[in-house]
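The following exercises concern backbone geometry, sheet pairing and nonpolar packing. Each task is followed by a solution in steps.

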Amino acid sequence: MATKFHIVIHLLVYVMTVVVMVAAELQRFQHPVKADGSLRFLAIGDWGRRGLYNQSNVAYQMGNVGNKMDVDFIVSTGDNFYDSGLVDEHDPTFYDSFTNVYTAPSLQKQWYSVLGNHDYRGNALAQLSPTLRQRDDKWFCMRSFILHAGNVELFFVDTTPFQDKYFTETDHQYDWRGVLPREEYMSRLLKDVDLALKESSSKWKIVVGHHTIFSAGHHGNTQELVDKLLPILLIR
């Protein structure tokens, strides 16, 4: 009886180890390209404002450009819902800031999204939930993942946890479920991105994240990404 018990324990440990190892790898997804091999997509960030602050105007122009370009998909770089993300999977903000704003036929393509710091101020897991895909099937959001399309690979990276200030400021609360312990999370993510870039044979490799590494804007450079992520990109 004791032998059988030990065997069961060993099997459980093995299964748990395999699950952890698989979960640590960046998930890969495929998106088809046009018959001639070409690929066109739009990229947008900092947009979810219930149609206000010119969001509806930008959405209208996106629809025009998307139609002319015959875009294949849309990339969202985060801060998808202001000011503090979503409350839960049933938050009406999802419809008010996404479904009911981006109504042009050319924008009814897959949206590939990552989280921004404002998204982490709400229920971050809500945006990752399959429930939102059921509410609007063009929505797709994960912390980090890889998208392969023809001779292009896009590496979506969760940059918010790299920012030190979000862990010390007292004005806002952040939903760090799935991120803590932080150092382990960042270390694993950097290793996964590094490995994925090394293994990639795509002609075009595009890294997508919410925070810029270098910027002339008022936020300036993101020093944590300069120190941690940039070295991985420079050795390619």
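**Exercise 1.** In which sense, and over how many bridges, do strand 7 and strand 8 pair?

*Solution.* The model is predicted: local features need pLDDT of at least 70 and side-chain atom pairs count only at pLDDT 80 or more, while totals for chains, interfaces and linings use all residues. Residues are numbered from 1 along each chain as its sequence is written, and side-chain values use heavy atoms, with hydrogens and water left out.

Step 1. Strands (E, at least two residues) and helices (H or I, at least four) are DSSP runs numbered from the N terminus; two strands pair if DSSP finds at least two bridges between them.

Step 2. Strand 7 and strand 8 are joined in the parallel sense over 5 bridges. L154 has I206 of strand 8 as its bridge partner.

Step 3. Both strands belong to an open sheet of 4 strands with the order 1-6-7-8 and mixed pairing. Strand 1 (28-30) and strand 8 (204-208) are its edge strands, each pairing on one side only.

**Exercise 2.** Identify the residues that touch the most other members of the largest nonpolar core, and the element that supplies its largest share.

*Solution.* Step 1. A nonpolar core is a set of buried Ala, Val, Leu, Ile, Met, Phe, Trp, Tyr and Cys residues joined through side-chain atoms within 4.5 Å. Buried means under 20% relative accessible area, exposed over 50%, and partly exposed in between (1.4 Å probe, protein chains only).

Step 2. The largest core has 46 residues, and W47, M62, F98, Y102, W111, Y120 and W139 touch the most other members. Helix 7 gives the largest share, 7 residues.

Step 3. With neighbours within four places in sequence set aside, F98 is in contact (heavy atoms within 4.5 Å) with W47, F81, T93, W111, D136, K138 and W139. Another core, of 13 residues including F73, Y112, V114 and V152, lies apart from the largest one.

**Exercise 3.** Locate the cis peptide bonds at D83 and P181, and state whether R50 and D79, each with a positive phi, are buried or partly exposed.

*Solution.* Step 1. Most residues other than glycine have a negative phi, and most peptide bonds are trans.

Step 2. Y82 and D83 are joined by a cis bond with omega about 0 degrees; D83 lies in the loop between strand 3 (73-76) and helix 3. L180 and P181 are likewise joined by a cis bond, omega about 0 degrees, and P181 is in the loop between strand 7 (152-156) and helix 7.

Step 3. R50 has a phi of about 55 degrees and is partly exposed, at 45% relative accessibility. D79 also has a phi of about 55 degrees, but D79 is buried at 2%.
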